[in-house]
Amino acid sequence: NQVRHYNFDVEYIFGAPDCNEHVVMGINGQFPGPTIRAKAGDTVVVHLTNKLYTEGVVIHWHGIRQLGTPWADGTASISQCAINPGETFTYRFLVDKPGTFFYHGHYGMQRSAGLYGSLIVDVADGEREPFHYDGELNLLLSDWWHQSVHEQEVGLSSSPFRWIGEPQSLLINGRGQYNCSLAAHYSNSSTNQCNLKGGEKCAPQILHVQPKKSYRLRIASTTALASLNLAIGKHKMVVVEADGNYVQPFAVDDLDIYSGESYSVLITTDQNPKNNYWLSIGVRGRKPNTPQGLTLLNYLPNSASKLPISPPPVTPQWNDYNHSKSFSKRIFARMGSPKPPKFYDRRITLLNTQNKINGYIKWAINNVSLALPSTPYLGSVKFLLNHTYDQTSPPENFPSNYDVMNPPANPNTTSGSGVYRLNYNTTVDVILQNANALAANVSEIHPWHLHGHDFWVLGYGEGKFSSEDERKLNLKNPPLRNTAVIFPYGWTALRFIADNRGVWAFHCHIEPHLHMGMGVIFDIDGRNVKGIPNEALACGATGRLSVNGMHH
Ligand code: C2O
């Protein structure tokens, strides 16, 4: 096994992700950041230097469990102190299993500002993937706003509330086209045909393939908001991996991917080799106001400037939730994958509601909107600094008479920083319960992401979770994931084993929703974590301890 070293300098750079020049967060002058590539069993070491001048930074390695290294999880206020301007923090962690992952900022809304990149883990030497492919293509999907992230943050925390709106562009590997379309000539709409020569920062990254071969597409979504649907003209995709776990292969024409998820699909380039084909991404689950993101599957030796004969695939209707549900419900663990324990030790039901605090719009979980403390939880839990965060645990459930089909009868909620304390090595069930938002007839999609662990997705259902639903849970071959969606007015049931000591976030991966409090914190025997580096603790109450020389 190897140790893979990276030096990352985070700074603001000028970029034109969608042909419009704006300030974007870059790493080593690049946007998106450099791809990290390692083999299972390797140790990744990233020396992260903050060159932002006026704000802190951290990076989260999304999907990497951080076994035994909870301080390297890269979550500000949770696993570590934000890295100050001019300072360097070293992340050192094991990548224990192969898969498609990514990394992103986890302080304020820095992910929305463009702080992200791919992290790919290949099988260990001497091992083989359980499927064959001749080549590989990597697609990191995101959405992009022209308004600065600072303006977005202020708007979201203002009264009256100012929503960020729909993204201006969808990006594939950091590239999209605003105010023009690569495919305008197929329609008689008023959109201009893009006039790109290929060298532009917003020119699509063409996917070059040889005919009659098989390719693995690694697809990850780090969108701030958008749920996406991806399709390739004339090509079926066989889904083989989800969030770094093998799934029972199944074929689809298009796939839905929510923020925080990743997939691998296999395609065969068995179509007419004289043509090129469109790959498109479009918005799901919200009334779209953003054009499709496009790139080309270029069959060599055709020129990449040869446009496909048919227009890009059409994204399913944004509110065709049955389409999305049927995709999610087709995902099962590959045979031979670990099965969940038959019983749970503890079940926590989390009601997702939109609420108000003194006129400010928030998201709340069991009537608590998460407010992160100034001293990161991990140090506070480890050193018993009980005054730094709320000592009462948030509720395990919500009142049984709560009507999930209507706006909250009492929209007012509370904010808090309490944690759920989970006993080490116990089996925990989480029922994510969706509900109606503040406006009537509105219930949104929320992709929930767990840090430090994978969970089994035991099932999805409609309305309020009931004892009848209980009997229908899949304990036979549920997929392991780190992100799972709740559909409008529905529930999703998850199970995991709390076997990784630390303090971990579990939250909606929609950036503005997390900013508005949509998350909870799990303390899994953080008191007994050993070896937290001092640099992770150099702020708040743990910082004062270290000045007094009390760390070990
Ligand atoms: Cu990818 Cu806590 O997030």
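1. First, a cut-off to keep in hand: a residue counts as exposed if 12 or fewer other C-beta atoms lie within 10 Å of its own, as buried if there are 20 or more, and as partly exposed in between. Also bear in mind that this is a predicted model.

2. Have a look at lysine 212. With 12 C-beta neighbours inside 10 Å, lysine 212 counts as exposed, because the cut-off for that class is 12 or fewer. The backbone here is worth a glance too: phi is about 60°, a positive value, although lysine 212 is not a glycine. You'll find lysine 212 in the loop between β11 (207-209) and β12 (214-221).

3. Cysteine 19 also caught my eye. Its phi is positive as well, near 80°, and again the residue is something other than glycine. Cysteine 19 sits in the loop between β1 (3-15) and β2. As for its surroundings, there are 18 other C-beta atoms within 10 Å, so cysteine 19 is partly exposed.

4. Why flag these points, and the two below? Because most residues other than glycine have a negative phi, and most peptide bonds are trans.

5. Now the prolines. The peptide bond from phenylalanine 31 to proline 32 is modelled as cis, and omega there is near -15°. Proline 32 belongs to the loop that runs between β2 (22-27) and β3 (36-39).

6. There is a cis bond from serine 159 to proline 160 too, with omega near 0°. Look for proline 160 in the loop between α1 (149-156) and β10 (169-172).

Terms used. Residues are numbered from 1 along each chain as its sequence is written. This is a predicted model: local features need pLDDT of at least 70, side-chain atom pairs count only at pLDDT 80 or more; totals for chains, interfaces and linings use all residues. Helices (H or I, at least four residues) and strands (E, at least two) are DSSP runs, numbered from the N terminus.
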